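Biologist: I've got a model open and I'd like to learn how to read it. Could you walk me through it, one feature at a time?

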Amino acid sequence: MAEAEAMYRRALEGKVKTWGPEHTSTLNRVNNLGILYKYQGKMAEAEAMFRRVAKGLRGGKYLKEATDIS
């Protein structure tokens, strides 16, 4: 699972560079990493990732843009 974690981290880094830390695509990668941590039994790390996702979604900048109909 260490290899999977490294892959998820690289994917997350790419999304942060491309879209920024609060973009829904980035937050999806954060959530995936949280799920991996959960399955590894790393509950503190998983919780941190899930809290990051929740905080990003509450801010809603990209969520609002995606649902705007102009």
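Biologist: Let me start with a ruler check: how far apart are the end C-alpha atoms of helix H2, and what should its 17 residues span?

Modeller: Bear in mind that this is a predicted model. The idea is to count 1.5 Å a residue, and for H2 (residues 24-40) that gives an expected span of 24 Å. The end C-alpha atoms are 24 Å apart, so the two agree.

Biologist: Fine. What comes right after H2?

Modeller: Look at the backbone angles there: Gly 41 follows H2, and its phi is positive, near 85 degrees.

Biologist: How many helices and strands does the whole protein have?

Modeller: There are 4 helices and 0 strands. Read from the N terminus, the order is α-α-α-α.

Biologist: Back to H2, then. Which of its residues are buried?

Modeller: First, a bit of helix geometry. With 3.6 residues a turn, residues three or four places apart point the same way in an α-helix. In H2, the buried ones are Ser 25, Thr 26, Leu 27, Val 30, Leu 33, Gly 34, Leu 36 and Tyr 37. Their cover includes helix H1 (2-19) and H3. Over the whole protein, 24% of the 70 residues count as buried.

Biologist: Which residues make up the largest nonpolar core?

Modeller: For a core, you look for buried nonpolar residues whose side chains link up. Here the largest one has 8 residues: Leu 12, Val 30, Leu 33, Leu 36, Tyr 37, Ala 46, Met 49 and Val 53. H2 and H3 each bring at least two of them, and H2 gives the largest share, with 4 residues.

Biologist: Let me zoom in on Met 49. What is it in contact with, leaving aside neighbours within four places in sequence?

Modeller: That filter takes out the sequence neighbours. What remains for Met 49 is Val 30, Leu 33, Gly 34 and Tyr 37. For the protein as a whole, take the contacts with a separation of 6 or more: 49% of them join residues 24 or more positions apart.

Biologist: And on the outside, which residues form a nonpolar patch?

Modeller: Met 1, Ile 35, Tyr 39 and Phe 50 do, with about 440 Å² of accessible area together. Phe 50 sits in helix H3 (residues 43-59).

Biologist: Why is Phe 50 called partly exposed?

Modeller: Because its relative accessible area is 32%, and partly exposed lies between the 20% and 50% cut-offs. As for the total, the protein exposes about 5000 Å², with 56% of that from carbon and sulfur atoms.

How values were computed. Residues numbered from 1 in each chain as written. Predicted model: local features only at pLDDT ≥ 70, side-chain atom pairs only at ≥ 80, totals over all residues. Heavy atoms only, no water. Patch = residues over 30% accessible without salt bridge, like charges linked within 9 Å, V, L, I, M, F, W, Y side chains within 5 Å. Areas by Shrake-Rupley, 256 points an atom, 1.4 Å probe, with all protein chains shown as cover. Salt bridge = Lys/Arg side-chain N within 4 Å of Asp/Glu carboxyl O. Helix = DSSP H or I, 4+ residues; strand = E, 2+ residues; numbered from the N terminus. Buried < 20%, exposed > 50% of the residue type's maximum accessible area, 1.4 Å probe, protein only. Expected span 1.5 Å × (residues − 1). Contact = heavy atoms within 4.5 Å. Core = buried A, V, L, I, M, F, W, Y, C linked by side-chain atoms within 4.5 Å.
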